[in-house]
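Here is an informal walk through one protein model, written for someone at the bench. Take a look at the structure, then read on.

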Amino acid sequence: NAVIGRYKLSVQSDSSSSASLGTFVLLFNPWSSGDDVFMPSKAECEEYVLEEFGIIFAGNKNHISSFGWNFGQFQGDILDICLSMLDRSLSYRQDPITDASHRNDPKYLGRVLSAMVNANDDQGVVLGNWSGNYEGGKSPSSWTGSGEILQSWKKSGFRPVRYGQCWVFAAVLTTVLRCLGIPTRTITNFSSAHDADGNLRVDEFYDASGNHLNRAADSIWNFHVWNESWFTRSDLGPSYSGWQILDATPQEESEGIYQCGPASRKAIKEGDVELDYDCPFVFAEVNADCMYWNYDTSTGKKTLIFSQSTTIGQAISTKAVGRDDRVDVTNDYKYEEGSKKERDIFKKARKKLGLEDKFDPTAPTQQEIEQKPDVSGKFKVAGPLQIGKDLDLILVLANLQSDAKTVHINMTAWSTVYTRRPVHGIWKDSISVTLSPKEEKQFPIKIPYTEYQQQLTTDNTIQVTALCHVEGGIQVLVQRDIALDNPTIDIQVLGEAKVNREVDVEVIFTNPIDTEVTDCVLQVEGSDLLRGILEIDVPPLKAGENSSTKFKLIPFEAGPKHLLVNFSCDKFANIKTFKMVNV
């Protein structure tokens, strides 16, 4: 339980003269049974402390995608940078002696570092940007590892690196905590609630045309990435030890600064939201109820369209130990959706937060919540979800009643960032239909590539909405978030990879669209395979043309290593892939 950090080592002889032997760095030790971060499984220690490669899950709950990340916690001067992060924190600046004396406590360091990884408050490492416009920095989707980010921070004299979004904050925090010996992993939560006002409810507003309005502080993200770190909770008791949630993405202030956690995962599952730290916010991320409202922009009147209690917190994912697979950990965060136990825990959390007894003037009435729609609807995908191809969908509407219904439908499609914030309008249409009793009708929708190509953000996401005004009945909102796939790219290692020997690598890309692509750049990185980042300009590619790019590697460590490749051009941003190279 000694304080971690850099120590001076000297030897003293009887004659009381002492000679310096240099310095050493003391870290947390998850292999040692007395340590707060002790992890009994050797395989888990190898994955969560020693592994320099990770997989981060993204996309949306209907369409989970993934990409590789080079944590690189043992490369170059990363350890020095991590230690200097501690000395640049607000806690250290305010009271260096007290701060240093707490550096044997993983829950203290986890909290301090969750604040230092974002630039808010303390000139920390990464500046967040969710606007869709990343001028003056690098697009958050373009990074492939933490090393470049941490090195840039140090080289610039510790000026925040532009720009990050949630997975960048989580990946950098993983690098720092693994480097210091704390077992850490990234977690992706799909349909993640950002409950800004602490009422365990997220409100979304739509106008009469079906446009998603940006008027609530609350939001539901397609996905959100945070961290889990493994350590004991002597402050809460043994049943709350184990995985602890830390979140470096600056969403809400905690004790006046942008930091979040550690929240015990066990406390989240049991609804013990009064426990330290930030449990109500994390509980809402995986459990909040959603309310969808129609908002009249001229009068300011809002009408509830519908509410849902099972949408939030789905397919919670992390990388498997020792394999490149996805593991679902949703059941570690909550009891089964829709079960009595899950609703009981939700009520318990509401009660502990004092929400049960308090009248909430913004909440819908019981009558509003229980109203039943006359029509149901959904969007079905009717073609490939690929950039470069037209987007084909089918709006399916069904009349649930035994008399005919006339429905006026306003449809819109917007490009969004992954937080579902609308950026550019792409398409709109309106139709009126009459549905016979119990009839189901299908309406095909085509959004041509030429219409969405210019409007897409680097997240490649589109939100399609149909607001159905049923004559004599309540409105029905149909929506779907679409994540489009980039084309693929292929890596071949030509020959056997050996330490300190050159080996050739070939990267192949085929232009899948019927126009030329220009400004093509290939970025390559990989711990122990090459130092820093290799950047190669690739000549323009005509429609349907193949490109082959060759380069040489000289690996400097033996074992299974991962090579990460990122290809970008004027029409496609950040086509990523990775390959395991056995050196």
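Let's begin with one aspartate. Leaving aside neighbours within four places in sequence, Asp-122 is in contact (heavy atoms within 4.5 Å) with Arg-88, Leu-90, Arg-93, Ala-115 and Met-116. Asp-122 sits in the loop between α5 and β5; helices here are DSSP runs of H or I with at least four residues, strands are runs of E with at least two, and both are numbered from the N terminus. Its relative accessibility is 3%, so Asp-122 counts as buried. The cut-offs are under 20% relative accessible area for buried, over 50% for exposed and partly exposed in between, with a 1.4 Å probe and protein chains only. Pro-160 is 38 residues away from Asp-122 along the chain, and their C-alpha atoms are separated by 9.5 Å.

A word on where this comes from: this is a predicted model, in which local features need pLDDT of at least 70 and side-chain atom pairs count only at pLDDT 80 or more, while totals for chains, interfaces and linings use all residues. Residues are numbered from 1 along each chain as its sequence is written, and side-chain values use heavy atoms, with hydrogens and water left out.

**The whole chain**

The protein chain has 13 helices and 30 strands. Its C-alpha atoms fill a box of roughly 100 × 65 × 40 Å along the principal axes. For 583 residues, a compact globule would have a radius of gyration near 25 Å, and the chain's 26 Å agrees with that. That radius is taken over C-alpha atoms, and the globule rule is 2.2 Å times the number of residues to the power 0.38. Of the 583 residues, 52% count as buried. Among contacts between residues at least 6 apart in sequence, 67% join residues at least 24 apart.

**Where α2 meets α6**

How do these two helices pack? Helix α2 (residues 78–87) and helix α6 (residues 147–155) pack at an angle of about 60°, with their axes 10 Å apart. That makes α2 oblique to α6; under 35 degrees would be roughly parallel, over 145 roughly antiparallel, 65 to 115 roughly perpendicular, and the rest is oblique. The axes are lines fitted to C-alpha atoms, for helices over the stretch in contact, and angles run from 0 to 180 degrees between N-to-C directions. On the α2 side, the contact is made by Ile-78, Ile-81 and Met-85, and on the α6 side by Gly-147, Leu-150, Gln-151, Trp-153 and Lys-154.

The buried residues of α6 are Gly-147, Ile-149, Leu-150 and Trp-153. Their cover includes β4 (63–70), α2, α5 (106–116), β5 (126–128), β6 (161–164) and α7 (166–179).

**Backbone oddities**

Two peptide bonds are worth finding on screen. The one from Arg-162 to Tyr-163 is cis, with omega near 5°, and Tyr-163 is in strand β6. Asp-276 and Tyr-277 are also joined by a cis bond, with omega about 0°; Tyr-277 lies in the loop between α8 (265–270) and α9 (279–287).

Some residues take a positive phi:

| Residue | Phi | Place |
|---|---|---|
| Gln-123 | near 55° | loop between α5 and β5 |
| Gly-157 | about 75° | just after α6 |
| Arg-420 | near 70° | loop between β19 (405–416) and β20 (422–435) |

Gln-123, at 45% relative accessibility, counts as partly exposed, whereas Arg-420, at 4%, counts as buried.
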